[in-house]
Amino acid sequence: MAIHSTDSPKAGNERSSARERSAAARELQRKRDSRRRRLIIGAITAVLLAVVAVMVIIYATKSEKKVAASTAAPAAAVKTVTSIPASTFAKVGFGKLLSAPKKVSGSALTINGKPGVVYLGAEYCPFCAAERWPLVVALSRFGTWSNLSQTVSGAAPEPYPATPTFSFVGASFTSPYLTFQGVETETNQKKAGAYTKLQTPTAAQEALVAKYGSGAIPFLDFGNKYTIEGASYSSAPLVGKSFDEIAAATADPNSDVGKGVLGTANVMTVAICDVTGGKPSTVCNDPTITKLRSALNGKS
């Protein structure tokens with residue numbers, strides 16, 4: 001007796017098609033579930049990363065060491081450093097100068113119809129902190145300061161942290177012989193790990209840095225005849241002293257501070273005299289300056 005299949009070819013095809021549709025549906029669902037899991041995991045990861053980033057910023061902000069912001073410089077201290085007698089400069093000479101101004105050549109720098117001196121730095125910068133002292137002293141031989149501020153360099157881990165110094169923000173310098181421009185690009189205050197912006201150099205000032213500098217601060221241009229980058233003397237003797245103590249030590253030719261600040265101020269004076277054409281003669285023809293001018297030719 002022959003046995004015949006009860007399934008017709010059509011029924012078999014229908015069952016096969018049903019299995020295929022079921023498998024396809026399961027695979028589609030599997031892909032949807034997998035995509036959903038990836039989206040959930042991605043969202044959770046993004047949230048966790050955001051939380052971690054916020055915590056890092058909060059921690060960094062809380063752990064940042066703080067220093068005082070700029071305030072008006074004490075009038076007595078300003079008077080001390082801006083009225084150094086010629087006899088004191090003479091006792092110091094080069095003092096503890098470590099790096100002399102560099103001679104450069106270019107078209108004469110003129111600002112507002114006068115020879116120009118340009119400074120670019122930042123309040124947090126410890127080497128700027130050191131260099132501002134002799135710059136204020138030297139320029140005071142050619143004009144008058146007003147509205148000078150006092151500040152300190154950035155906190156540790158900056159080298160020579162919290163060094164007392166001047167700030168040129170809001171200050172003005174009046175002279176019949178030259179024009180001074182001082183720019184402080186950043187404060188000594190940090191926000192989320194970065195020093196806050198303060199002043200923006202002009203295109204002309206940036207061009208001076210591009211032509212004569214390397215990008216280091218402080219940067220000083222004396223009429224496109226001399227430049228200075230970095231501190232000219234050691235900052236070490238300034239550390240641990242108050243603003244008033246540094247001002248008093250500046251006037252003492254026997255102190256390490258006085259030898260560093262006044263020695264640097266002397267060579268800055270030589271550079272400025274070359275820019276102003278030897279004016280005023282009471283400063284530029286001083287025997288000490290004349291002697292240092294000749295010696296500087298071998299140091300530049």
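**Entry 1: a hairpin**

Two strands count as paired if DSSP finds at least two bridges between them. I kept this definition in mind throughout, and I noted at the outset that the model is predicted.

I turned to strand 12 (residues 219–222), which 4 bridges join to strand 13. The two strands run antiparallel. Within this pairing, Phe 219 stands opposite Glu 229 of strand 13. How many residues lie between strand 12 and strand 13 in their hairpin? I found 3 residues between them. In the turn, Gly 223 has a positive phi of about 60°.

I then looked for a further partner of strand 13. Strand 2 (residues 102–103) is joined to strand 13 by 2 bridges, and these strands also run antiparallel. Here Lys 102 stands opposite Thr 227.

**Entry 2: the whole protein**

I recorded the overall figures next. The protein has 9 helices and 13 strands. Of its 300 residues, 42% count as buried. The exposed area is about 15600 Å², and carbon and sulfur atoms supply 58% of this area. Among contacts with a separation of 6 or more, residues 24 or more positions apart account for 73%.

**Entry 3: a three-stranded sheet**

I followed another set of strands. In general, strands of a sheet pair through backbone hydrogen bonds, either parallel or antiparallel. In this case 3 strands form an open sheet in the order 1-6-7, with antiparallel pairing. Which strands are the edge strands? I noted strand 1 (71–72) and strand 7 (164–167), each of which pairs on one side only. Strand 6 (residues 149–152) is joined to strand 7 by 4 bridges. One residue pair I looked up in this pairing is Val 152 with its bridge partner Pro 164 in strand 7.

**Entry 4: helix 5**

I listed the buried residues of helix 5 as Gln 205, Leu 208, Val 209 and Tyr 212. Seen down the helix axis, these residues fall within an arc of 95°, so they line one face of helix 5. I recalled a general point: an α-helix has 3.6 residues a turn, so residues three or four places apart point the same way. On the other side of helix 5, Ala 203, Ala 210 and Lys 211 are exposed. The buried residues pack against strand 4 (114–121), strand 9 (179–184), strand 12 and strand 13.

I examined Gln 205 of helix 5 (residues 203–212) in detail. Is Gln 205 buried or exposed? Buried means under 20% relative accessible area. At 6% relative accessibility, Gln 205 therefore counts as buried. Its side chain reaches the backbone nitrogen of Thr 202 at 2.9 Å. Leaving aside neighbours within four places in sequence, Gln 205 is in contact with Val 118, Leu 120, Gln 181 and Val 183.

**Entry 5: the loop after helix 5**

I moved to Ile 217, in the loop between helix 5 and strand 12. At 27% relative accessibility, Ile 217 counts as partly exposed. Not counting residues up to four places away in sequence, what Ile 217 touches includes Leu 120, Tyr 124, Cys 125, Cys 128 and Gly 230. I also looked up Pro 126, which is 91 residues from Ile 217 along the chain. The C-alpha atoms of Ile 217 and Pro 126 are separated by 9.6 Å.

**Entry 6: helix 9**

Which residues of helix 9 (residues 287–296) are buried? I found Thr 288, Ile 289, Leu 292 and Leu 296. Viewed down the axis of helix 9, these buried residues fall within an arc of 90°, so they line one face of the helix. The other side of helix 9 has Pro 287, Lys 291 and Ser 294 exposed. I then asked what covers the buried residues of helix 9. The cover includes helix 3 (86–92), strand 13 (226–229), helix 7 (256–276) and helix 8 (281–284).

At the N-terminal end of helix 9, I noted Asp 286 as a cap. A side-chain oxygen of Asp 286 lies 2.9 Å from the backbone nitrogen of Thr 288.

**Entry 7: aromatic rings**

My last search covered the whole structure for aromatic pairs and gave 11 of them. The rings of Phe 173 and Phe 180 have their centres 6.5 Å apart and their planes at 85°, so I recorded this pair as edge-to-face. Phe 173 counts as buried at 12% relative accessibility, and Phe 180 counts as buried at 12% relative accessibility. What residues form one aromatic cluster with Phe 173 and Phe 180? I noted Tyr 119, Trp 145 and Phe 168.

Methods. Residues numbered from 1 in each chain as written. Predicted model: local features only at pLDDT ≥ 70, side-chain atom pairs only at ≥ 80, totals over all residues. Heavy atoms only, no water. Buried < 20%, exposed > 50% of the residue type's maximum accessible area, 1.4 Å probe, protein only. Arc of directions from axis to C-beta. Contact = heavy atoms within 4.5 Å. Polar contact = N/O pair within 3.5 Å; in protein donor to acceptor, adjacent residues only side chain to side chain. Areas by Shrake-Rupley, 256 points an atom, 1.4 Å probe, with all protein chains shown as cover. Phe/Tyr/Trp six-rings, centres within 6.5 Å; stacked < 30°, edge-to-face > 60°.
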